[in-house]
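Colleague: Before I rely on the labels attached to this model, I should like to hear the reasoning behind them. Could we examine the sequence and the structure together?

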Amino acid sequence: MTGHNESCGAEEIPTSYLTCLLYILERWTGVEHLEEYLSYVAYLIWLFMPLIIAFMLPVATFVLLYISIIILHIYKRRTDFKEAYLNDFWDGARQVVSTMWYVHARIWNGYEIHGLEKLPDGPAVVVFYHGATPVDFYYLMATIVLRKKRIFHIVADHFVFSLPGFQLLLDVFGVLRGSQEECGKALKRGNLLAIAPGGLREALFSNENYTLIWGNRKGFAQVAIDAKVPIIPMFTQNIRENVRSLGGPKLFRWLYEHLRLPLVPLYGNFPVKMRTYIGDPIPYEPNVTAEELAEKAKIAVQCLIDKHQKIPGNVFRALMERFQTQTKED
């Protein structure tokens, strides 16, 4: 609405409500021509809006995680404290949460799994390339829960266990801190165990070339040897195009090495096409050493990357592939 006979302050001036507000702000701040400054700010916001959205989109993953936590708490409230931790009770909660993630995976990323039949009914260690976020594992775990009715344990970084409100989610889905004893027990119970040997370093400081940053990690290989189970390589196509990190500057690497916290900015969560490829199992051999087995696993994951990922990765190419695939499906 426009009131041509309204006034601002003591002076009688023709004005709209917005102009009146600007007049009051100018009198209050003492800044003249405030409207021009605000117009310039609005222009800058419009100009950088795509960049702002790119850095805000990764928050959507955390929103879904907290929605999952809320669902689990609702289930927990439906029964008493002791019954809440019975496996049969949490099976229903896992189904609901997994369905949410599966639907999101199919709609947002057109998610596919190739080689699911290579996962054994018994225990195995699955090793994979760690993207900027492990959203591909969330998708895989949801699929395993829905199709095979199994829990897929994963080893997470220690900082994950300090995130507010996450403990229930970690407990229900069997997330482990990663000690060899803890991992061995999970395998002896017949469970699948997923490990990203590159961990947070790989997540934050790898790049569009999908460089494996495993260092001298061999604990996962020793766990597989001790449990006498196979190691299965896994890689998700375009995981680095889904979310990327700004881990290039040395400052971020220095901060991580000293604080052990993921203080590297992330951007993306683009709706790129994502396909998880499960490779051929590396069988247990009694005479192989942990160093040799770790090297075999690294080579196997690298082969999956070389075979299924165009390097260097390109976000726009991955987006085009997503929409072309969707068009064919329609």
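The exchange below takes up the labels one by one.

Colleague: What kind of model is this, and how many helices and strands are there in the protein chain?

Modeller: The model is predicted. The protein chain holds 13 helices and nine strands. Of its 330 residues, 45% count as buried. Among contacts between residues at least 6 apart in sequence, 77% join residues at least 24 apart.

Colleague: What makes the sheet an open one, and which are its edge strands?

Modeller: Seven strands follow the order β1-β9-β6-β2-β5-β3-β4 in an open sheet, with mixed pairing. The edge strands are β1 (112–114) and β4 (175–176), each of which pairs on one side only.

Colleague: Why is the pairing called mixed?

Modeller: Strands of a sheet pair through backbone hydrogen bonds, either parallel or antiparallel. Strand β6 (residues 231–237) pairs with strand β9 (residues 275–278) in the antiparallel sense, over four bridges. With β2, strand β6 pairs in the parallel sense, also over four bridges. Two strands count as paired if there are at least two bridges between them, and the four bridges between β6 and β9 satisfy that cut-off, as do the four between β2 and β6.

Colleague: Which residues stand opposite one another in these pairings?

Modeller: Thr 236 stands opposite Thr 276 in β9, and Arg 275 in β9 is the bridge partner of Gln 237. Val 126 stands opposite Ile 232 in β6.

Colleague: Which helices pack on the sheet?

Modeller: Helix α5 (residues 135–148) packs on the sheet and touches β1, β3 (152–155), β5 (192–195), β6 and β9. The direction of α5 makes about 160° with that of β3. Helix α12 (residues 290–308) also packs on the sheet, touching β2 (124–128), β6 and β9; its direction makes about 30° with that of β6.

Colleague: Why is β6 described as largely enclosed?

Modeller: A residue is buried when its relative accessible area is under 20%. Seven of the seven residues of β6 are buried, so the strand is largely enclosed by the rest of the structure.

Colleague: How do you know that both faces of β6 are covered?

Modeller: In a regular strand the side chains alternate between the two faces of the sheet. In β6, Ile 231, Pro 233, Phe 235 and Gln 237 lie on one side, Ile 232, Met 234 and Thr 236 lie on the other, and all are buried.

Colleague: Why does Asn 238 count as buried?

Modeller: The relative accessibility of Asn 238 is 5%. That value is under the 20% cut-off, and Asn 238 is therefore buried. Asn 238 lies in the loop between β6 and α10 (239–242). Leaving aside neighbours within four places in sequence, Asn 238 is in contact with residues including Tyr 210, Val 272, Lys 273 and Met 274.

Colleague: What is notable about the phi of Tyr 210, and is this residue buried or exposed?

Modeller: Tyr 210 has a positive phi of about 55° although it is not a glycine. Its place is in the loop between α8 (199–205) and α9 (219–227). The relative accessible area of Tyr 210 is 0%, which is under 20%, so the residue is buried.

Colleague: Why is Arg 260 called partly exposed?

Modeller: Partly exposed covers the range between the buried limit of 20% and the exposed limit of 50%. At 40% relative accessibility, Arg 260 falls between the two and is therefore partly exposed. Arg 260 likewise is not a glycine and has a positive phi of about 55°; it lies in the loop between α11 (250–259) and β8 (266–268).

Colleague: Why is Phe 55 also called partly exposed?

Modeller: Phe 55 has a relative accessible area of 32%, between 20% and 50%, and is therefore partly exposed. Phe 55 lies in helix α2 (residues 34–56). The C-alpha atoms of Phe 55 and Pro 265 are separated by 7.8 Å, with their places 210 residues apart along the chain.

Colleague: What makes up the lining of the second largest pocket?

Modeller: Six nonpolar, four polar and three charged residues form that lining. The largest share, five residues, comes from α12. About 180 Å³ of space lies in this pocket.

Definitions and conventions: Residues are numbered from 1 along each chain as its sequence is written. This is a predicted model: local features need pLDDT of at least 70, side-chain atom pairs count only at pLDDT 80 or more; totals for chains, interfaces and linings use all residues. Side-chain values use heavy atoms; hydrogens and water are left out. Helices (H or I, at least four residues) and strands (E, at least two) are DSSP runs, numbered from the N terminus. Contact means heavy atoms within 4.5 Å. Axes are lines fitted to C-alpha atoms, for helices over the stretch in contact, and angles run from 0 to 180 degrees between N-to-C directions. On a 1 Å grid over the protein atoms alone, a cavity is a set of points where a 1.4 Å probe fits but cannot get out, and a pocket is an open set with protein on both sides within 12 Å along at least five of seven lines; lining residues have an atom within 4 Å of a point. Grid points are joined across faces, edges and corners, and a volume is the space filled by probe spheres set on the points. Ala, Val, Leu, Ile, Met, Phe, Trp, Tyr, Cys and Pro count as nonpolar, Asp, Glu, Lys and Arg as charged, and the others, Gly among them, as polar. Buried means under 20% relative accessible area, exposed over 50%, partly exposed in between (1.4 Å probe, protein chains only).
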